[in-house]
Amino acid sequence: MPKNRSLLNALLIIAMLLLSACNNSSNNNNGETTAESDPSAKPGELTELTVAFPIFAALPKDMSLIEEAVSKIAEEKINVKVKLLPISFSNWIQQVNLMFSSGEKLDLMPTIYAYNTAITQGQLIPLDELLNKHGEGIIAALDPAYLDASRVNGAIFGVPTLHEMAYVNGITMREDILEKKQIDTSKLRKLEDLEKVLKAVKNSEPDTAPLIPSTGASILDNYQTFDRLDNHLGVLPDFDNGLKVVNWYGTEEYAEQLHMLRRWYQDGLILKDASTNQINAQDLIDSNRGFAFLLNAHPGALHFEEEGDKSTSKVPMKTIAFSDPPVSTTAHITNTMWGITSNSKSPDKAMEFLNLMYSDKDISNLLIWGIEGRHYKVLSGNIIDFPEGVNDQTSGYRLNTGWMFGNQFIAHVWQGTDPDIWEKVKQFNESAVKSKALGFTFDPTAVKTEIAAIGNVISQYRLPLETGSVDPDNVLPKFLDNLKIAGIDKVIEEKQRQLDIWAKSNQ
């Protein structure tokens, strides 16, 4: 998995709050909006589909060649010509919203941590009927529980991409330092167990921060023992709690974590400027400024304890999953979804092409890796690498976003990655404990004003508290008071109301 995905996870809380606050309730379709087929299309006539998606670097110079190759297959199989529309992630939300407001042609798009927002803004159409007609490959690829988890008001508006559908709390550490000091990591089972390891690193490497955050993130962003129920404003502790929603920031467990982090910070175990850090965690590691960071561990992101991850770092890393079993929540399933837009005049054809993205290996490999012989070569079996004379900098197509394009489980595997990685991800998903609220999606429309105000409060207090930079005895009460003033009780009450209705309808 690329660093971009880790950065997205780190920014999830703030992004969800901002997106929720921007919902336009007047466009809420409540599962009733549909798109009509193109009345001007004649039987047998070629249908052109516009497929938009975000990119996280410069536009690949060979994008037109990928479009041409994808279209060739789609034309032969379903009589469709595909127009690929890559959009810089920094402009993604603004440009997509503009396309909807202007009625611009747009047939398919992914939602990145914004599935519910896209639904409440009327940007996606219900897919149940279309899936039954043209989505046999999608249905075959997805666990029914994960497909059902995408239902909102009883309807499916998007289909999850095939990736890790669960996570387990974990940590990744510099292997060279562990070996140099012979630091024992066998007893790491939870966050509190890290203290001895961090102190050993501090004593051995005084110029290296033992524990670091990601860019703009807190230490706790990737350590969660609760279902965040979309936006962290009202959560289910232990992924159950009898479906009783609570304010996580007001729990005893949260306060204990803050006091522990404060002690670690004062002991020099956390990066000194953690609350204002703007450097990616891996870059801090590579420049010898950091030793370890917490992460949501899963086979698709980093190898587990028995295998050091050498693919994304200048130094070998050792990743350990803590002892809790993997957990699936709605947010982990719906973080990347593909949907057919309300702008589409050809929803049947859009579903046919979406089905190819989940079932056709050639389409999958083109979108994820590019053209064989030009952007990659097959070494043996399913393993690929750069062709002679091509590298990461010179390749004309190198998106590093396989997690975004439908079904990466049927695509090639890059050299240096475990050849069995996708089978291990499947097994990981199957082993996951499902949150009691799996399938519940919160509609923030009724409390969007409060959510916006709460977002401002969280932006002010959470990073300093969750990096140990301030004394929780003084700051946490102010944080809680301001959350209350901003309306968090009203948000939790509304979330509890919706959760109760959802639970009753799913008995």
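This report describes strand 14 with its pairing partners, and then a separately listed open sheet, in a predicted model.

## Strand 14 and its burial

Strand 14, which spans residues 336-340, is mostly covered, with 5 of its 5 residues buried. Thr336, Trp338 and Ile340 point one way from the strand, whereas Met337 and Gly339 point the other way, and all are buried. In a regular strand the side chains alternate between the two faces of the sheet.

## Partners of strand 14

Strands of a sheet pair through backbone hydrogen bonds, either parallel or antiparallel. Strand 3, covering residues 108-112, runs antiparallel to strand 14 and is joined to it by 5 bridges; within this pairing, Met109 has Gly339 as its bridge partner.

Strand 6, made up of residues 159-160, also runs antiparallel to strand 14, and 2 bridges join the two. Here the bridge partner of Val159 is Trp338, one of the residues that point the same way from strand 14 as Thr336 and Ile340.

## The four-stranded open sheet

An open sheet of mixed pairing is formed by 4 strands in the order 8-11-7-12. Its edges are strand 8 (209-211) and strand 12 (317-321), each of which pairs on one side only, and the twist from one strand to the next averages 20 degrees.

At one of these edges, strand 8 pairs with strand 11 (residues 290-297) in the parallel sense over 2 bridges, and Leu211 has Ala292 in strand 11 as its bridge partner. Helix 10, formed by residues 194-204, lies across strand 7 (168-174), strand 8 and strand 11, and runs at about 170 degrees to strand 8.

Note on methods. Residues numbered from 1 in each chain as written. Predicted model: local features only at pLDDT ≥ 70, side-chain atom pairs only at ≥ 80, totals over all residues. Heavy atoms only, no water. Buried < 20%, exposed > 50% of the residue type's maximum accessible area, 1.4 Å probe, protein only. Pairing = 2+ DSSP bridges. Axes fitted to C-alpha atoms, helices over the stretch in contact; angles between N-to-C directions. Contact = heavy atoms within 4.5 Å.
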